[in-house]
Amino acid sequence: MPRNFDYADAEPRLYDWWERKGWFKPEVAGADAEPFVVSMPPPNVTGSLHLGHALFGALEDLMVRYERMRGKAALWVPGTDHAGIATQLQVENMLREEGSSREEVGYEEFLHRTWQWKEEHGGTIIRQLRRLGASCDWDRERFTLDDGLSTAVIQAFLTLWEQGLVYRGPRLVNWSPGLQTAVSDLEVESSEEEATLYYFKYPVEGGEHIPVATTRPETILGDTAVAVNPADARYAGFIGKSAFVPILGREIPIIGDDAVDMAFGTGALKVTPAHDFGDYEIGQRHKLALVNVLNKDASMNAKAGKYAGADRYDCRERLWRDMEAAGLTIKTEAYSTRIPRSQRGGEVVEPMMSTQWYVRIQPLAEKAIAAIRDGDIKIVPERYEKVYFHWLENIQDWCISRQLWWGHRIPAWYRERDGDPEGEIHVGRDAPQGEGWVMEEDVLDTWFSSGLWPFSTLGWPRESDDLERYYPTQVMETGHDILFFWVARMIMMGLWFTDKPPFHTVYLHGLVRDRHGKKFSKSLGNVIDPLTVVDKLGADPLRFTLITSGTPGNDVNLDETRVDHTFRFINKVWQITSFINMNLEGELELGLPPVEELDLPARWILSRLHRLIANVQHLFDIYQFGEAGSQILAFMWDEFAPYYLEISKHAMYSGNDGEKIATRRVLVVVQDTCLRMLHPFMPFMTEEAWRYIPHDGEALIIADWPKANEVLIDDEIESRMNVLLELVRELRNTRGEYKVDPGKRIKALAKAGAAAQDLAAHDYVFRRLCNVEELQLLTAEDPAPTNSASIVVSDIALYLPLEGMLDLEAERGRLEGEANRLTGQIAKTQKMLGNDNFVSKAPEDIVQRERDRLADLESAYAQVAERLSSLSR
RNA sequence: GGGCGAUUAGCUCAAUUGGAUAGAGCAUCCGGUUUACACCCGGAAGGUUAUAAGUUCGAGUCUUAUAUCGCCCA
């Protein structure tokens, strides 16, 4: 067996082997196996792996491998998303570098180039996921723009259309001038920014003025009313009169509306229904005209009069200067307000009138709310259910059309009628018969197709075998940042189109941040590339670290020193395997010998192991994978390796054949069990290590998940062993305090009371673990040795003759400290047990535990006190 | 404005039906080439669990308020 785990060699070799053997496919579990299906959140096809992907990869692969080992037909469906805007921007950038543009090359050529780009770059992220060890069924890989999914998208759209849930019409939308498309509410991010509030005078008939304030003066040009609150004594008299748009002189009404906030600004409001969501509402109520003054690139249009053609911000300045000259301005003041920006491009989004396609989402949302409320779908952690409800209960119709070229083109055709080029409309799978039909140019929002993902990837709308067998899926694991974008829409669309919840559990993870909780960003220079980490240390350390660094729903602060530590843990596990491997001899019967034939250390480690299995099982049941991983690590590093392995050397090097075989069998069983439990966390090393210990079965990836055996969990065995181990720790400690050379063999004498038998039978434990060459048992009557340091555990006293090294003062101080500590604890425990409420109300076992503890403390105290008094004689 | 989360060792994080002395890693200090591992081993130090009140026999854990930071929604 190699001295170290060579991940660079093993990772590709094992991955190919697993895949070639078909173990990533659910079919290996047999036709009767219960399915366990996870749909991978499809990464953007043009993306490259970042830590967010690494986190979902690690978590989903963990779940899939775990369920595969439990005998389920485990299926992880991989794929990529065409990511409309993101991809189109990439290709547009490429064209720009060539000195060309989307418009210049034209629609057909642009699509051609984008597909080409996809073919060239689309495989990157998939290759990177493989490097992490992702056990997806790659034969089932899908792409949101492939033929099958396109069929699904069209089917979904047409169904909604036929049900009257899709409509098209002019509405106020969030318009992204940079991208020149509408974007949904979710794609707009508002944040507080410093702006200017402009106060000016709105001219009113008869030469009067109403003072008005705005942050966007250029929208004055699109005003179609001035509104005041009817309850406002200052302005109520103006209602019904006419005002005149500054500079343009257009006549508009002054209206009264309760929505006007009397306390804000001047208390009077300019109303621009075509460029403000609030004003739009007022406009609807008062049947105001809509005057759109912006072009698609946010320059001013002809309605802006002499400002036509100017950029919106130039116009703002020029208009204000002109108003100043006209004596219409009052003042400007600094003002902090929320500025809406495009999530993608970052530019300021303008509310603008535009004709778009919408989904009437209410009926779908109602089903989605019910699914969570009725428990058909659970969200982990649960607190996100509230967030989910709040969003769905206040949901707005979904603008699904985008003015892009890369995407699913909306299946609609228009024909001119009565001078209106869109006078006639046809929605259907195919172009209508007849002349003059022009297909809709808009495409669907990317999230429309990803909303169908759990079932479209399995063949829907075809009644495929996969759909029948693997839908609904089980767990949807994804980031909490796309709860609305994606999860809620999958639930709505899944319920609507398949009448089944698309999964029973939503597991949400957080964002991966740097070790100080900062977002990764190129400008901060704190970006960690997962592939660099994988190159340097292998995939296993990164996976384990990501999983154990956080809890569900919370952000993960990745501390790279933890990756290093996991790397060392992996080495540790490898070395344990290596030790077992080199102590094997001939054939070994698998499994445990009868328990009665096992010695105390063996029964102890098995009890600990099965307690661990039970804990890990519970933690997996409640999706606490990180804690499960930490517990396995702690067991191996703090119990199995330093104690049992060391103790086993006694049997291994000086035992008889029977003892050797029994010990080997225990070592193999414990290691085998740990490797199984670790496999979902760190598949590569565990698979490779498993080959070096006796095992049953072809590969760890398809080995059985361990089950706890209650019979082996034994409190009494554990506490007997704990006494020995506690003595070992105290001995080491005391040696250290007296600076006894670690290599020096010393002698120990013990008054062991009830534990005498255990001490005598396991004296080698002290030889191995703390270099005690001889352990001599004293009876209670024997005088305590003089000139020795003493150690007390429970009712056991251990004496270390340290001739010449013992400092009586120091020893007295040491024992006094110990006595004080014990007195304190005894007092505390006595107080607890003296409390009738505690004794009568606390559970029986807790009370008993305290009683046992008190007895222990008291006998320890007695030993210490006796020793102290003999020292002072 | 509404909602959610976080606050535990110098730093990054655990502690899931409320129960013993609140645990790891990194960093620090002391000591070690012990035949699996120096990618290691043994030991030490480091905590008023943000603050205040409450519930309880018992609170890091439950309740309320406050503070600070972060996120989401309007």
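Two strands are said to pair if DSSP finds at least two bridges between them. With that in mind, the tour may begin; please note that the model is predicted.

**First stop: the β1 and β2 strands**

Select residues 35-39, which form strand β1. Then add residues 73-77, which form strand β2. The two strands run parallel, and five bridges join them. For a point of orientation, display F36 and look across to β2, where A74 stands opposite F36.

Now show the side chains of β1. P35, V37 and S39 point one way, while F36 and V38 point the other way. Strand β1 is mostly covered, with five of its five residues buried.

Next, select residues 51-69, which are helix α2. Together, β1, α2 and β2 make a β-α-β unit, and the unit is right-handed.

**Second stop: A83 and helix α3**

Move to A83, in the loop between β3 (79-80) and α3. The phi angle of A83 is positive, at about 50 degrees, although A83 is not a glycine. Is A83 buried or exposed? Its relative accessible area is 6%, so A83 is buried.

From here, continue into helix α3, residues 84-97, and select Q88. Q88 has a relative accessible area of 1% and is therefore buried. What does the side chain of Q88 reach at 2.9 Å? It reaches the backbone nitrogen of W405. Display the surroundings of Q88 as well: beyond residues up to four places away in sequence, Q88 touches R102, F110, L404, W405 and W406.

**Third stop: T219**

Select T219, which lies in the loop between β8 (208-214) and β9 (225-228). Its relative accessibility is 5%, and so T219 counts as buried. Show K270 too: a polar contact of 2.8 Å joins the side chains of T219 and K270. When neighbours within four places in sequence are left aside, T219 is in contact with T214, K270, T272 and H275.

**Fourth stop: two cis peptide bonds**

Select W460 and P461. The peptide bond that joins W460 and P461 is cis, with omega of about 10 degrees. P461 has its place in the loop between α12 (453-456) and α13 (465-470).

Then follow the chain to Y471 and P472. Here, too, the peptide bond is cis, and omega is near 0 degrees. P472 is found in the loop between α13 and β22 (475-479).

**Fifth stop: D535**

Select helix α15, residues 530-537, and pick out D535 within it. Is D535 buried or partly exposed? With a relative accessibility of 48%, D535 counts as partly exposed. Apart from its neighbours within four places in sequence, D535 is in contact with Y7 and R131. To place D535 relative to the beginning of the numbering, select W17 as well: from C-alpha to C-alpha, D535 and W17 are 20 Å apart in space, and they are 518 residues apart in sequence.

**Sixth stop: Y623**

Select Y623, in the loop between α18 (600-621) and α19. Y623 is a residue other than glycine with a positive phi, near 65 degrees. Because its relative accessibility is 14%, Y623 counts as buried.

**Final stop: RNA strand B**

Display RNA strand B together with the 53 residues around it. Which residues come nearest to the strand? They are N557, R568, Q624, K841 and R849. Colour the surface near the strand by residue class, and it divides into 17 nonpolar, 18 polar and 18 charged residues. On the RNA side, 68% of the atoms within 4 Å of the protein belong to sugar or phosphate, and the rest belong to bases.

Three side chains merit individual selection. A polar side-chain atom of N571 lies 2.4 Å from a sugar or linking oxygen of RNA strand B. For K572, an N or O atom of the side chain is 2.6 Å from a phosphate oxygen of the strand. R732 has a polar side-chain atom that lies 3.5 Å from a sugar or linking oxygen of the RNA.

To complete the view, select the elements that give two or more residues to this surface: α10 (384-393), α17 (560-582), α19 (625-654), α22 (715-737), α25 (808-834), α26 (836-841) and α27 (844-872). Which element gives the most? Helix α17 does, with 11 residues.

Definitions and conventions. Residues are numbered from 1 along each chain as its sequence is written. Chains are lettered from A and ligands numbered from 1 in the order in which they are written. This is a predicted model: local features need pLDDT of at least 70, side-chain atom pairs count only at pLDDT 80 or more; totals for chains, interfaces and linings use all residues. Side-chain values use heavy atoms; hydrogens and water are left out. A residue is near a molecule or strand if one of its heavy atoms lies within 4 Å of it. A polar contact is a pair of N or O atoms within 3.5 Å; within protein, one must be able to donate a hydrogen and the other to accept it, and residues adjacent in sequence count only if both atoms are side-chain atoms. Helices (H or I, at least four residues) and strands (E, at least two) are DSSP runs, numbered from the N terminus. Ala, Val, Leu, Ile, Met, Phe, Trp, Tyr, Cys and Pro count as nonpolar, Asp, Glu, Lys and Arg as charged, and the others, Gly among them, as polar. Buried means under 20% relative accessible area, exposed over 50%, partly exposed in between (1.4 Å probe, protein chains only). A crossover is right-handed if, with the strands pointing away from the viewer, the path from the first strand over the helix to the second runs clockwise. Contact means heavy atoms within 4.5 Å.
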